[in-house]
Amino acid sequence: MFAKDCLSGRHVLVTGASAGLGRHFARTLARAGAKITVAARRKDRLGALAAEIRASGGEAHPVQIDVTDAAAILAGLDAAEAAFGPLHALVNNAGVADPRRILDIDEAEYDRIMATNAKGMWLMAQETGRRMIARGQGGQIVNIASMGGLIATRGLSAYGMSKAAVIHMTKAMALEWARDAINVNAICPGYVSTEMNDYFFDSEAGRKFVSTFIRKRLMRAEDLEAPLLLCTSGASRALTGAVFACDDAQGYTLY
Ligand SMILES: NC(=O)c1ccc[n+]([C@@H]2O[C@H](COP(=O)([O-])OP(=O)(O)OC[C@H]3O[C@@H](n4cnc5c(N)ncnc54)[C@H](OP(=O)(O)O)[C@@H]3O)[C@@H](O)[C@H]2O)c1
């Protein structure tokens, strides 16, 4: 589908790479030839992932970034660029969720979700865009939103709001940075079992929930590889402001 080396020598930074989708994205992009900066808060896990990628012939460098901390983002991007040069692409993936209903989410939890998912993605993309514009060679920004940002789902109110913000941010950045040859796109995955939700999907209630999906299955991280490679590689110079719902038809049965 994509050339094995479609990202050969390109520097891609993946946030939230210490677990779940981000870890899978980092491995996928490394296999496509990219030099990967893996970022998150848990340094030990990043070190292990970078070592694993290097052991399989790839190039990877761990950088600790808390996306809720603007100073950490600046320092992290400096460290990433010192290791592998200017960024070709950002995979803006770090995120948190809380499945409680609206009346059970207190203010502190609402703030945590928004600070990570909406403001954290904004700060990462904003600083990346600033650097890409200064360099003058364009780039690719891929925001990992969610089907929860497209449709209202019980128990995902604040989370869904944060992802709706990411979807809007994607379009706004695509518009403002179009002249700078920066493509900004969003991927909206359906449910994939990761540390974010596996306690639920491993339960009886979780299995019952999945049985209501049309295809009666969860997605796999592998199902997101095609839109990920499409958006990070810059395969089409015209692809910007797009929002890819990639959910295995789950969205028809959620709510
Ligand atoms: N799994 C799904 O069903 C699903 C569906 C749709 C969308 N998504 C989205 O996909 C993305 C990845 O989710 P996942 O399922 O892979 O979840 P996960 O397994 O819980 O991983 C979340 C990642 O985000 C990082 N993270 C959280 N807060 C952070 C912060 N303040 N600063 C830096 N990194 C932070 C975590 O690393 P540290 O704790 O080490 O910092 C971890 O690497 C999220 O944006 C999520 O909303 C997931």
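Author: A polar contact is a pair of N or O atoms within 3.5 Å. This term will serve for the ligand in the present model, which is predicted.

Reader: Which residue places an N or O atom of its side chain 3.2 Å from an oxygen atom of the ligand?

Author: That residue is N197, through an N or O atom in its side chain.

Reader: What distances separate the ligand from polar backbone atoms of G95 and M196?

Author: For G95, a backbone N or O atom lies 3.4 Å from an oxygen atom of the ligand. For M196, a polar backbone atom is 3.5 Å from a ligand oxygen atom.

Reader: Which of the 32 residues around the ligand come nearest?

Author: The nearest are S18, R41, N93, Y159 and T194.

Reader: I should now like to turn to the helices. By what is a pair of packed helices described?

Author: Two quantities describe such a pair: the angle between the axes and the distance between them. Consider α1 and helix α2, the latter spanning residues 43-55. Their axes are 11 Å apart, and the packing angle is about 25°. Angles under 35 degrees count as roughly parallel, and therefore α1 is roughly parallel to α2. The crossing of these two helices is right-handed.

Reader: Which residues of α1 and α2 meet?

Author: From α1 come R23, A26, R27 and A30, and from α2 come R45, L49, E52 and I53. By class, this contact has 4 nonpolar and 4 charged residues, with no polar ones.

Reader: How is the pairing of α1 with α8 to be read, and at what angle do their axes cross?

Author: Helix α1 covers residues 20-31 and helix α8 covers residues 225-233; their axes come within 11 Å and cross at roughly 60°. That angle makes α1 oblique to α8. The crossing is right-handed. On the side of α1, the contact is made by H24, F25, T28, L29 and R31, and on the side of α8 by E225, L228, L229 and T232. These residues divide into 4 nonpolar, 3 polar and 2 charged.

Reader: How do the axes of α3 and α4 lie, by angle and distance?

Author: Helix α3 runs over residues 70-84 and helix α4 over residues 107-135. Their axes come within 10 Å and cross at roughly 45°, which means that α3 is oblique to α4. The crossing of α3 and α4 is right-handed.

Reader: Which residues of α3 meet which residues of α4?

Author: A70, I73, L74, L77, D78 and E81 of α3 meet G120, L123, M124, E127, T128 and R131 of α4. The classes represented in this contact are 6 nonpolar, 2 polar and 4 charged residues.

Note on methods. Residues are numbered from 1 along each chain as its sequence is written. This is a predicted model: local features need pLDDT of at least 70, side-chain atom pairs count only at pLDDT 80 or more; totals for chains, interfaces and linings use all residues. Side-chain values use heavy atoms; hydrogens and water are left out. Axes are lines fitted to C-alpha atoms, for helices over the stretch in contact, and angles run from 0 to 180 degrees between N-to-C directions. Helices (H or I, at least four residues) and strands (E, at least two) are DSSP runs, numbered from the N terminus. Angles under 35 degrees count as roughly parallel, over 145 as roughly antiparallel, 65 to 115 as roughly perpendicular and the rest as oblique. A crossing is left-handed if the near helix is turned anticlockwise from the far one by less than a right angle, and right-handed if clockwise. Contact means heavy atoms within 4.5 Å. Ala, Val, Leu, Ile, Met, Phe, Trp, Tyr, Cys and Pro count as nonpolar, Asp, Glu, Lys and Arg as charged, and the others, Gly among them, as polar. A residue is near a molecule or strand if one of its heavy atoms lies within 4 Å of it. A polar contact is a pair of N or O atoms within 3.5 Å; within protein, one must be able to donate a hydrogen and the other to accept it, and residues adjacent in sequence count only if both atoms are side-chain atoms.
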